[in-house]
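Trainee: I'm new to this one and would like to start with a single part. Please take a close look at the aromatic rings for me, and then at what lies around them.

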Amino acid sequence: MIRIFLFILLCLVHFSVSAVTITQTYTNNTNADVDPNSTSPVFRDIVIPAADFPTGTAITDVNVQIRFDKRDEGAANDGVCRNHQGGGVFNNEIGFVVTAPDGTSVNIVTANSGYYSGATRPGVIVVNYDDEGAVFTGTTPTAGTFQPEGNLSDFDQSTNIGGTWRLTMSDSAGQDPLCFRRFRLTVEASNEADISVTKNDSTTIYTPGGTSSYTIVVSNGGPIDVTGLQVSDPIPTGVSLMSWSCTPSAGASCTAAGTGAINQLVDIPDGGTVTYTVNVTYSTTP
């Protein structure tokens, strides 16, 4: 009588390696009067030392804080932030853009887009712009934590953290200048890599003494490269012979072939994979 037996060889596992999270906050407090009748746009830079984020760390979150006011300057009409003269202001003229060292830019507030509108002076306020903040639904700039117009997550995954981060401030029309007081940048980064392992042989029934094969795919979903990742696969119960080969892709590296259990160190860059093809012979007496 021929007997059959069952192996379960289908799995998908996600895990993270080398998890270290770093959060740093930087501030530029140099005031600026922003108005076409004086200077617009105006730039304020924050320089992040490269040593603050070791090689291999990638951005996971960026938040921006801006302290500002919009003032009616009255008859002076020279774009200088004097005491507020009591008139209305054009909040729709306000524009803020943040640019990272790698050139990625995010519109925090776009002038004349409708994000801010109305003519009520906000006063000196502090606004935190955070993708997880509340949706801004008002007209007058308001202190609090709100989602920016663009997506700060556009900075995520970048490993180019050290260098100059620039806030570009603009005021689209003369009079009632934009009065800038502070740019604060908070960057969170991690050297965590998202590793997934898929193991599949597409069958469940085996004949004693027969042969079969299965695959193991190890993938790096980023955002960092991983070196020296250990891949282990013991000889399954009921298997008498086992051999394997490994095919790397996208810059990954692994030992080309071997026999017996897999117990190898592999290097997999962000976006890379290693694929093991495993050939087995089943015992005649399971």
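Mentor: Here's a walk through the rings, followed by the core they belong to and a few other spots.

First, some ground rules: this is a predicted model, where local features need pLDDT of at least 70 and side-chain atom pairs count only at pLDDT 80 or more, while totals for chains, interfaces and linings use all residues. Residues are numbered from 1 along each chain as its sequence is written, and side-chain values use heavy atoms, leaving out hydrogens and water.

Now the rings. You'll find eight aromatic pairs in the structure. Rings of Phe, Tyr and Trp (its six-membered ring) pair if their centres lie within 6.5 Å; planes under 30 degrees apart are called stacked, over 60 edge-to-face, and the rest tilted. Take Y115 and Y116: their ring centres are 4.9 Å apart and the planes sit at 80°, so this pair is edge-to-face. Y115 also pairs with F136, and here the centres are 5.4 Å apart with planes at 15°, so that pair is stacked. Y115 is in the loop between β8 (105-109) and β9 (125-134), and F136 in the loop between β9 and β10 (144-146), so the pair ties together parts 21 residues apart in sequence. Those strands, by the way, are DSSP runs (E, at least two residues), numbered from the N terminus.

How hidden are these rings? Buried means under 20% relative accessible area, exposed over 50%, and partly exposed in between, using a 1.4 Å probe and protein chains only. Y115 counts as buried at 12%, Y116 is buried at 2%, and F136 is buried at 14%. Step back and you'll see one aromatic cluster made of F68, F96, Y115, Y116, F136 and F146.

That leads us to the core. A nonpolar core is a set of buried Ala, Val, Leu, Ile, Met, Phe, Trp, Tyr and Cys residues joined through side-chain atoms within 4.5 Å. The largest one has 39 residues, and F68, F96 and Y129 touch the most other members. Its largest share, six residues, comes from strand β12 (residues 178-190). Contact means heavy atoms within 4.5 Å; leaving aside neighbours within four places in sequence, Y129 has contacts including F68, F96, Y115, Y116 and F146. There's also a second, separate core of 26 residues, with A193, I195, Y276 and V278 among them. In soluble globular proteins, nonpolar side chains tend to be buried together.

One more ring to look at is F43. The charged end of R166 sits over the ring of F43, 4.5 Å from its centre; that label needs NZ of Lys or CZ of Arg within 6 Å of the ring centre and within 35 degrees of the ring normal.

Finally, find T164 in strand β11 (residues 163-171). T164 counts as partly exposed, at 37% relative accessibility. Although T164 and I48 are 116 residues apart in sequence, their C-alpha atoms are 6.4 Å apart in space. Not counting residues up to four places away, T164 touches D45, I46, V47, T99, A100 and P101.

Notes:
Helix = DSSP H or I, 4+ residues; strand = E, 2+ residues; numbered from the N terminus.
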